[in-house]
Amino acid sequence: MKHGWENGDGAPFRKHFLDFDGARYIESGGQNVGLDDLVGHHVEPEKDALEYLSLDFDNIVIYFEGDFAWAIADTEVKGKVRSSGFEFDKTGYQTFLFRYLDGAWKVVHTHSSSRDRK
């Protein structure tokens, strides 16, 4: 996912996320409903809107229960808005929920929250 976010590339999301009715992806108070909304209105447009985007995950912890799993990670997000020159540097947390279907783990939900670095 890191590559997809940083490069505005929806292909990794379409490969590793489960597209289903009711899918929601939440980020710091905003949400995308469905995979097409996430990719088409968030991931891909950021390539043109941002001069650069850097995303790092650390302290990843994964839990498994049968065909269900969840991961929690510390995040660091840095970038620069092309139109205004505004630079952001945030830290926070991300949760991923997964289901094991047809021999592969698929992301079914994400939730992230971040704040300006202190």
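1. Start at Ser112. Ser112 lies in strand β6. Is Ser112 buried or exposed? Its relative accessibility is 12%. Buried means under 20%, so Ser112 counts as buried. Which residues does Ser112 touch, once neighbours within four places in sequence are left aside? The partners are Ile26, Glu27, Ser28, Tyr93 and Gln94. Keep in mind throughout that this is a predicted model.

2. Stay on the same strand for Val107. Val107 is also found in strand β6. Val107 has a relative accessible area of 4% and is buried. Neighbours within four places aside, its contacts are His16, Phe17, Leu18, Tyr25, Phe96, Leu97 and Phe98. One distance is worth checking on screen. Val107 and His41 are 66 residues apart along the chain, and their C-alpha atoms are separated by 18 Å.

3. Now step back to the whole fold. How many helices and strands does the protein have? There are three helices and six strands. Read from the N terminus, the order is α-α-β-β-α-β-β-β-β. Trace that order on the model before going on. The remaining points refer to several of these elements by name.

4. Next, the overall dimensions. The C-alpha trace spans about 45 × 30 × 25 Å along its principal axes. The protein has 118 residues, and a compact globule with that number would have a radius of gyration near 13 Å. The protein has 14 Å, which agrees.

5. How much is hidden, and how much is on show? Of the 118 residues, 31% count as buried. The accessible surface comes to about 7300 Å². Carbon and sulfur atoms hold 50% of that surface.

6. Look at charge. The protein carries 14 positive and 21 negative side chains. How far apart do the centres of the two sets lie? They lie 3 Å apart.

7. Contacts across the sequence come next. Take the contacts with a separation of 6 or more. Residues 24 or more positions apart account for 48% of them. Two C-alpha pairs from later points can be set beside this figure.

8. The nonpolar core deserves a careful look. The largest one has 18 residues. Which of them touch the most other members? They are Trp5, Phe13, Phe17, Leu35, Leu38 and Phe98. Four elements each supply at least two residues of this core: α3 (35-49), β3 (50-65), β4 (68-81) and β5 (87-101). Helix α3 gives the most, with four residues.

9. Leu35 is a good core residue to click on. Leave aside its neighbours within four places in sequence. Leu35 is then in contact with Phe13, Arg14, Phe17, Asp19 and Tyr25. Phe13 and Phe17 are also on the list of core residues that touch the most other members.

10. Gly34 comes just before that helix. Where is Gly34 placed? Gly34 sits in the loop between β2 (30-33) and α3. Is this loop residue buried or exposed? Its relative accessibility is 13%, so Gly34 counts as buried. Beyond neighbours within four places, Gly34 is in contact with Ala23 and Tyr25. Tyr25 also appears among the contacts of Leu35 and of Val107. Gly34 and Val108 are 74 residues apart in sequence, yet 9.8 Å apart in space, C-alpha to C-alpha.

11. Strand β3 holds two residues to inspect. Begin with Asp56, which is placed in β3. At 33% relative accessibility, Asp56 counts as partly exposed. Asp56 and Asp74 are 18 residues apart in sequence. In space they are 8.2 Å apart, C-alpha to C-alpha. Then turn to Asn59, which lies in β3 as well. Asn59 is partly exposed, with a relative accessible area of 49%. The cut-off for exposed is over 50%, so Asn59 at 49% stays in the partly exposed class.

12. Finish with backbone angles. Asn59 is not a glycine, but has a positive phi of about 50 degrees. Asp102 is another non-glycine residue with a positive phi, near 50 degrees. Where does Asp102 lie? Asp102 is in the loop between β5 and β6 (104-116). Its relative accessible area is 84%, so Asp102 is exposed. Asn59, in contrast, lies in a strand. Compare the two positions on the model.

Terms used: Residues numbered from 1 in each chain as written. Predicted model: local features only at pLDDT ≥ 70, side-chain atom pairs only at ≥ 80, totals over all residues. Heavy atoms only, no water. Rg over C-alpha atoms; globule rule 2.2 N^0.38 Å. Buried < 20%, exposed > 50% of the residue type's maximum accessible area, 1.4 Å probe, protein only. Contact = heavy atoms within 4.5 Å. Areas by Shrake-Rupley, 256 points an atom, 1.4 Å probe, with all protein chains shown as cover. Lys, Arg positive; Asp, Glu negative; His and termini not counted. Charge placed at Lys NZ, Arg CZ, Asp CG, Glu CD. Core = buried A, V, L, I, M, F, W, Y, C linked by side-chain atoms within 4.5 Å.
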